[in-house]
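Dear colleague,

I am passing on the structure we spoke about, and my notes on it follow below. Please read them with the model open beside you.

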Amino acid sequence: MHILFGILMALIGLFLTISATFRSEFLLYLLLVERSRLLWHDRVHRFHQVVGVMLVTLGLLWALGVIWR
């Protein structure tokens, strides 16, 4: 089961990273941006890029069984 959740986590991170890089107009991403803008102001896209990379990394490590066995 950890493989499934790790891959899902990595895909969510990939979505965040790509959407933040291209400043997507996708509705789900716009909702996330508006929620994050309250705290991060103009740096909201950079924040989502960093969080996306972290999710991809942790998701792949989880799927490979390196962490959280």
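How much area does the protein chain expose, and what share of it do carbon and sulfur atoms supply? The protein chain exposes about 5,200 Å² (accessible area by the Shrake-Rupley method with a 1.4 Å probe, where for residues only the protein chains shown count as cover), and carbon and sulfur atoms supply 74% of it.

Please bear in mind that this is a predicted model, in which local features need pLDDT of at least 70 and side-chain atom pairs count only at pLDDT 80 or more, while totals for chains, interfaces and linings use all residues. Residues are numbered from 1 along each chain as its sequence is written, and side-chain values use heavy atoms, with hydrogens and water left out.

The protein chain holds three helices and zero strands (DSSP runs of H or I with at least four residues, or of E with at least two, numbered from the N terminus). Of its 69 residues, 28% count as buried, that is, under 20% relative accessible area, with exposed meaning over 50% and partly exposed in between (1.4 Å probe, protein chains only).

Helix 1 and helix 2 (residues 27-40) pack at about 80°, their axes 11 Å apart (lines fitted to C-alpha atoms over the stretch in contact, with angles from 0 to 180 degrees between N-to-C directions). Helix 1 is therefore roughly perpendicular to helix 2, a term for angles of 65 to 115 degrees. Where they meet, Phe15, Leu16, Ser19 and Ala20 in helix 1 face Leu28, Tyr29 and Leu32 in helix 2, with contact meaning heavy atoms within 4.5 Å.

Ile7 lies in helix 1 (residues 2-22) and counts as partly exposed because its relative accessibility is 43%.

Best regards

Methods: Angles under 35 degrees count as roughly parallel, over 145 as roughly antiparallel, 65 to 115 as roughly perpendicular and the rest as oblique.
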